[in-house]
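Could you walk me through this model in my viewer, one selection at a time? I would like to know what to click next and what I will find there.

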Amino acid sequence: MIPIRSIIVSSILLSKVDGEMKILLMKRVKGDFWCHVAGKVEANETATQAILREIQEETQIQVKQLFSADYIEQFYEASLNVIEMIPAFVGICSDEQTVVLNDEHTEYRWCNLADAKALVVFSNQRKLYDFVWENFVENKPESLLEIALK
């Protein structure tokens, strides 16, 4: 048997930089690869609370809008023999958004879609970025996916 678990959330952050919409990627200390915001849901936390906390902790960004991406990242974690199911969010940031990284990352870049896909190593990341780009950049996101910020 392969257990399925869902204890992690993730978010693609979008900001208009130099007049063009871009995706935030950060280089992780652990693993030395490029990624978007992600982290574990803590006890008594909803997925929304967890992703807002993770965005703040990793980048010091307060998003202007938050959406459910309507997408579940999934992969097999061989070391734990589990299938990870990760609800993805999309955070819309202020134009020319500044980023202050915590100690989990060594550097960051605001990337266009092609550059973001070239930097990441996992095929599921590229699929997620294509999906988000189509549904949140090229097209107006469905209003029902927006999550009210308190």
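Start by selecting F33, and keep in mind that this is a predicted model. F33 has a relative accessible area of 23%, so it counts as partly exposed, being above the 20% limit for buried and below the 50% limit for exposed. Now add F122, which is also partly exposed, with a relative accessible area of 45%.

Show both rings together. The structure holds 3 aromatic pairs, and F33 with F122 is an edge-to-face one, with 5.6 Å from centre to centre and 85° between the planes. This pair links distant parts of the chain, 89 residues apart: F33 sits in the loop between β3 (20-28) and β4 (34-35), while F122 sits in the loop between α2 (113-119) and α3 (123-138).

Next, select F67 and F136. Their ring centres are 5.6 Å apart and their planes meet at 65°, so this pair is edge-to-face. It too links distant parts of the chain, with F67 in strand β6 (residues 65-77) and F136 in helix α3, 69 residues apart. Are these two residues buried or exposed? F67 and F136 are both buried.

**Along β6 to E73**

Stay on strand β6 and move to E73. The relative accessible area of E73 is 11%, so this residue is buried. Display the side chain of S10 as well: a polar contact of 2.4 Å joins it to the side chain of E73. Which other residues does E73 touch, leaving out those up to four places away in sequence? Besides S10, you can light up H36, E84, M85, I86, A88 and L128. If you draw a distance between C-alpha atoms here, E73 and A88 come out at 6.6 Å, although they are 15 residues apart along the chain.

**Into the largest pocket**

Now switch on a surface and look for the largest pocket, which has about 940 Å³ of space. Its lining is made of 28 residues, and I8, R28, F33, A38 and F75 are the ones nearest its centre. You have met F33 already, as a member of the pair with F122. To colour the lining by element, pick β2 (8-17), β5 (37-40), α1 (47-59), β6, β7 and α3, each of which gives two or more residues. What classes of residue will you see there? The lining has 12 charged, 9 nonpolar and 7 polar residues.

**The loop between β7 and β8**

For the last part of the tour, go to V99, in the loop between β7 and β8. V99 has a relative accessible area of 10%, so it is buried. Apart from neighbours within four places in sequence, its contacts are L24, T59, I61, Y108 and W110. From V99 to W110, the C-alpha atoms are separated by 9.7 Å, with their positions 11 residues apart along the chain.

Finish at N102, placed in the loop between β7 (82-92) and β8 (105-111). Its relative accessible area is 18%, which is under the 20% cut-off, so N102 is buried. Which residues does N102 touch beyond four places in sequence? Select E57 and E58 to see them. Then show the backbone of E57, where the oxygen lies 3.2 Å from a polar atom of the N102 side chain.

Notes: Residues numbered from 1 in each chain as written. Predicted model: local features only at pLDDT ≥ 70, side-chain atom pairs only at ≥ 80, totals over all residues. Heavy atoms only, no water. Phe/Tyr/Trp six-rings, centres within 6.5 Å; stacked < 30°, edge-to-face > 60°. Helix = DSSP H or I, 4+ residues; strand = E, 2+ residues; numbered from the N terminus. Buried < 20%, exposed > 50% of the residue type's maximum accessible area, 1.4 Å probe, protein only. Polar contact = N/O pair within 3.5 Å; in protein donor to acceptor, adjacent residues only side chain to side chain. Contact = heavy atoms within 4.5 Å. 1 Å grid on protein atoms, 1.4 Å probe; cavity = no way out; pocket = protein on both sides within 12 Å on 5 of 7 lines; lining within 4 Å. Points joined across faces, edges and corners; volume = space filled by probe spheres on them. Nonpolar A, V, L, I, M, F, W, Y, C, P; charged D, E, K, R; others polar.
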